[in-house]
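Please open the model in your viewer and keep the selection panel at hand. The tour goes from the whole assembly to a single sheet and then to the domains of one chain.

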Protein chains: 4
Amino acid sequence: MNTANYQYLFFNDYSEGAHPRILAALQNSNDMQELGYGEDDFTLQASDLIQQVIGNQAAAVHFVSSGTLANIVCLSYLLKPYESVIAVSSGHINVYEAGAIEATGHKVHELSAVDGKLTPDAIHELMNRMTDEHMVKPKVVYISQSTEIGSIYTKKELENIATVARKNNLYLYIDGARIGHAVMGKNADMNLQQIAELADIFYIGGTKNGGLMGEAIVIPNPNLQAEFRRHMRQKGALLAKTRTVSIQFVEFFKDDLYFANATFANQMAQLLAAGISQKGYRFLTPVLTNQLFPIFPNAIIAKLKPLFGFYEWQKLDNEHSAIRLVTSWKTQKSAIDQFLASL
Amino acid sequence: MNTANYQYLFFNDYSEGAHPRILAALQNSNDMQELGYGEDDFTLQASDLIQQVIGNQAAAVHFVSSGTLANIVCLSYLLKPYESVIAVSSGHINVYEAGAIEATGHKVHELSAVDGKLTPDAIHELMNRMTDEHMVKPKVVYISQSTEIGSIYTKKELENIATVARKNNLYLYIDGARIGHAVMGKNADMNLQQIAELADIFYIGGTKNGGLMGEAIVIPNPNLQAEFRRHMRQKGALLAKTRTVSIQFVEFFKDDLYFANATFANQMAQLLAAGISQKGYRFLTPVLTNQLFPIFPNAIIAKLKPLFGFYEWQKLDNEHSAIRLVTSWKTQKSAIDQFLASL
Amino acid sequence: MNTANYQYLFFNDYSEGAHPRILAALQNSNDMQELGYGEDDFTLQASDLIQQVIGNQAAAVHFVSSGTLANIVCLSYLLKPYESVIAVSSGHINVYEAGAIEATGHKVHELSAVDGKLTPDAIHELMNRMTDEHMVKPKVVYISQSTEIGSIYTKKELENIATVARKNNLYLYIDGARIGHAVMGKNADMNLQQIAELADIFYIGGTKNGGLMGEAIVIPNPNLQAEFRRHMRQKGALLAKTRTVSIQFVEFFKDDLYFANATFANQMAQLLAAGISQKGYRFLTPVLTNQLFPIFPNAIIAKLKPLFGFYEWQKLDNEHSAIRLVTSWKTQKSAIDQFLASL
Amino acid sequence: MNTANYQYLFFNDYSEGAHPRILAALQNSNDMQELGYGEDDFTLQASDLIQQVIGNQAAAVHFVSSGTLANIVCLSYLLKPYESVIAVSSGHINVYEAGAIEATGHKVHELSAVDGKLTPDAIHELMNRMTDEHMVKPKVVYISQSTEIGSIYTKKELENIATVARKNNLYLYIDGARIGHAVMGKNADMNLQQIAELADIFYIGGTKNGGLMGEAIVIPNPNLQAEFRRHMRQKGALLAKTRTVSIQFVEFFKDDLYFANATFANQMAQLLAAGISQKGYRFLTPVLTNQLFPIFPNAIIAKLKPLFGFYEWQKLDNEHSAIRLVTSWKTQKSAIDQFLASL
């Protein structure tokens, strides 16, 4: 795909380089020698900072290079051979990871979503069906915060999911590729600490929030920490130079950079949404985080296509489709103005 | 492990940060927007450069974050469920990857090494034994260039391995975590192009030769390229920000940085080896690349231990052991002088 | 479950022992010495007979001990790591095999069924969605003939499935646990030969049609036969005493015993269905093979429950449910009379 | 292989049909209706009988169709993803099961055997090496009783293995394909109860001791019983007509048939061994169970080859090889006389 003529890429929040402070941190630490495989000082420091943010000094923290790898490592760690994971059918592990979880031997149950979110009712209904020992045994609830369509689980909703999970002896795993955007999202009512109190295990995404690459796996549940590094090693997730990832997380969490990046991306999304609304267009789903799904007539989409990078998301009728726009920590107001001017 | 009081870490070639040009390249490209998942311009450019280096425009090139991930992705791609891989018992996949290959469903045959290297005779002998359909079917020969003990396959040796592989309908896969050190090693008689002509698939290591992290998988064999990206995706190896790795390989190969780094590390190893020899100590195995295995009396090792970072490798008798020292693209002469002065 | 007081078990067609001729055949062959692992004369003979029945001397035939094992062996043989299998959500591999296919590393796509059957439209719609290399790649269509609810693919329907499969480069695999009941079913319009001409691979079920245990895997597609025995060996499916299964298939196919057994079971189902209809009850789905799903008021079900073995299948409203009754090669008219008398 | 002209097959103890009482038991139970999937009365009865034999009413007992399937089901049940199993290099799982254990994701460590047997020293040495979290973690000791070469672990030897296993937090799994021949073997000093007191899990082989097919998995360790049936289901090992296997084990253990069969096979082996010795030939290893490995000049082997079925086992020098002869519950004295007469 030739992107040279685009005015701006709204494809993804990982279309950008890294936040300048991230690069500076790598530069500043570059002359230090460190131990490999996550036994370096930066990994220790980043773990401490994340433990503080979530208010749990006993949580284990590990750094990996990609979100799919985080999902693979965590889910295959949690599951016995005959156990399975519950997700919405639009869930990342169910659609966009080329069968990564099944490749580790486990079924992904595809449940219907409401506004992109898994519901306690859907879990309940599944558990009522999966009662026979000839069936796979659900053991983990997988959700994304924020979701694939940018929606956010409210505190109440997440508590309800956690409650139904505990009642059914299920672990709760949260894919936090955009967890920063979620906690800083519009009307968001919970922070990382509150999420960490409900989840057995989750990850904090760096790739989509200004990092060079990398995610931080967090394990609040003390019973799910043994041999985790060995398991990471096996999946190719234990990096010789873990410092390259953990230095980024030191920078993210030594002050509020992680949250500031997400807030900025969300604000740009609101700005873009307001402009689009003002021009009379509607959205597939409310804009709460940094993903927008405006509905345009096909003619408008055709006009936008050579100018901006974005994905066509869903055909609504013969004349209208929703597209996906993603803002980031780096999206400039000028790009938004250009987009709005092109409508 | 508290490393604060060490004068220098000889633990590993990944104890360092990145070569300054690598960081500069990231800095210089930081404001560009790029497509994700390896469809960016830098990945294209790095692939082109590597294709030129190996003299094969039809080779596929892919970038991943770790060597174990490269091994996982490549070997599980090559093997049918009932097929297996041949390695020496000291091979990285057989010892240090926590069963990564078996976790993808495949047996690793452990053969005896000669000077750290697999021999055609050992392959031949195995193939003569594995003739029964009740047995797993060997399909890939795995070797490391340079090996786990720093030795190098000569051109003749690699040709002989490739010949026995072809005769037995086996693929040849080369783990190139330290392939730069191998081609620039003492008495080395083959370059990357010659290696690429013999291997069906191999990887060029960045992590151990001055990169921030990352390796380049190269697939000269045109029959082994289809759906490789999908397979990488499944194993968590397709990075959203592949640019972070591929930019490094642009820098490595746009001139001779990759080879210069390895040459420097090898030279420092020779300097260190010469000094150790001069003091009357011998080595477990000849020093050809950037790994040294000097044999010291236990008293000397005890004296060195609080001063330098290194691994004790092998107990030889009640009074002597071999230790492992690794030099890198960044090892300073001063560190070597300090080490020699401490003997 | 205490079944001692039941007048008859309609639970399953495998509630019975074996057809007397099967036992006699085992008895008659008992003093012969044979080679192990499917290299015996009976395996050869049974293969020949099945090749004749399907009119394809080049088909490979293998004998295994269970249907789930047949599914595991066949599907994992057909699929590359990143490939998946398409089934209806009620498909046996998707519900009742405890994640057996996922345990071999592969996703099962769950499509909606029409009358228990997969439709070309559903396959077509899935293939239109699965176009991204970040997604798993569908490679096999899995159907059951007859289906989980006793319905039968007509010749036209199966041809259409085969056509859409071929167009999309998908293999067609048929789970034939009750394939005898299908080809001898009410209004059935195709025989085993015609099925074998459309399927790439399928199995002929013995367990549910009068055998002691065991199924015959048949591979008409000549490109899918290499190393199949080695693959069976790995999955624990290659039996040392394969003769125990293959002798049964000699008996099934040396005349028409296999078809006679299925025909009898189907006839008993029709007799039972006629009686139930006569009493004014309806069925969830037409009775075509040996599974019946009559709809009864809850009071009737409560009355039947201590008298007969059967599964409650589906709650229809607060006062009615469908139950499942299965007849077999051995079901006696007296059992049917007793059941009807109890309504 | 055309076996028609052989006077007798000494290939294997599964070359025969079934013991007449086994067939009679199937015949006698044939008209009973039973529940499927191991919930039948015969499975209950066989479990009870085996619990009595081993003196442990809390042991779980399950029936499967093959030894490889027993190994797959048990070992994959015991192991976490990053754990491995220890065996001798000649172990069945390491050689003759086409990578079955690795296919479930787990490494098999190949240790040197002494007289076909694993030693505590070898386990100890391995555990001393496997101390790094970058390595796979050994968790199960796999041994065969009797071994692949017919030798028997003495009570003392097995206790020592169990002790080293417990000290290292390893489970002890015993492949009992020929466990009857072991406990009834020459100089044998332990019975099934004593074995069951040391093993965490083992299986009692039926296939090689007069059954039609099938093995009984026994789990004395109460912590290793949960969800075992579900796990069997997933591996294709839970048979719809489990009765077909369990009826055989009722017959085996309702009196001493199981032990009588093994004793007979062992006696025939002693008879054959005595005759061979008397003619001046030696053996590769002492004859303790029903496998014999006599050493013959090549000329003798060439002469025997058209007359009897057996495997050539090992070339000793240019003029001598060892062959393998296996006797069974059915081997007649006349066959032995014929063999001896042919020497």
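By what turn and what shift along the axis can chain B be laid on chain A? In this predicted model, a turn of 180° with a shift of 0.0 Å along the axis lays chain B on chain A, and the RMSD is 0.0 Å. The two copies are thus related as by a two-fold rotation axis. To find that axis in the viewer, select B:Ser65, which among the residues of chain B comes closest to it, with its C-alpha at 3.4 Å.

Next, select the contact between the chains, to which chain B and chain A each bring 43 residues. On the side of chain B that touches chain A, the elements giving two or more residues are α1 (20-29), α3 (67-78), α5 (100-103) and α10 (228-234) of chain B; of these, colour α1(B) before the others, since α1(B) gives the most, with four residues. Colouring this side of chain B by residue class shows 18 nonpolar, 17 polar and eight charged residues. Because 100% of the interface residues of chain B are also interface residues in chain A, the copies meet through the same surface.

Now hide chain A and turn to the sheet of chain B, an open one in which seven strands follow the order β2-β8-β7-β6-β5-β3-β4 with mixed pairing. At its edges are β2 (60-64) and β4 (108-111) of chain B, each of which pairs on one side only, while neighbouring strands are turned against each other by 25° on average, direction ignored. Within this sheet, select strand β5 (residues 137-144) and strand β6 (residues 171-175) of chain B, which pair in the parallel sense over five bridges; in β6(B), B:Tyr171 is the bridge partner of B:Val140.

Add helix α2 (residues 41-54) of chain B, which packs on the sheet by touching β2, β7 (201-205) and β8 (215-219) of chain B, and whose direction makes about 125° with that of β2(B). Then add α3(B), which lies across β2, β3 (83-88), β5, β6, β7 and β8 of chain B and runs at about 175° to β6(B).

Finally, bring back chain A and colour its two domains, domain 1 (8-15 + 258-342) and domain 2 (20-254), whose C-alpha centres lie 27 Å apart. Where they touch, 17 residues of domain 1 of chain A are in contact with 20 residues of domain 2 of chain A. Helix α12 (residues 257-278) of chain A gives the most to the domain 1 side, with eight residues, and that side comprises eight nonpolar, eight polar and one charged residues.

How values were computed. Residues are numbered from 1 along each chain as its sequence is written. Chains are lettered from A and ligands numbered from 1 in the order in which they are written. This is a predicted model: local features need pLDDT of at least 70, side-chain atom pairs count only at pLDDT 80 or more; totals for chains, interfaces and linings use all residues. Domain bounds come from an automatic or database domain assignment. Two residues are in contact if their C-beta atoms, placed from the backbone, lie within 7 Å. Ala, Val, Leu, Ile, Met, Phe, Trp, Tyr, Cys and Pro count as nonpolar, Asp, Glu, Lys and Arg as charged, and the others, Gly among them, as polar. Copies are superposed by least squares on the C-alpha atoms of residues with pLDDT of at least 70 in both. Two strands pair if DSSP finds at least two bridges between them. Axes are lines fitted to C-alpha atoms, for helices over the stretch in contact, and angles run from 0 to 180 degrees between N-to-C directions.
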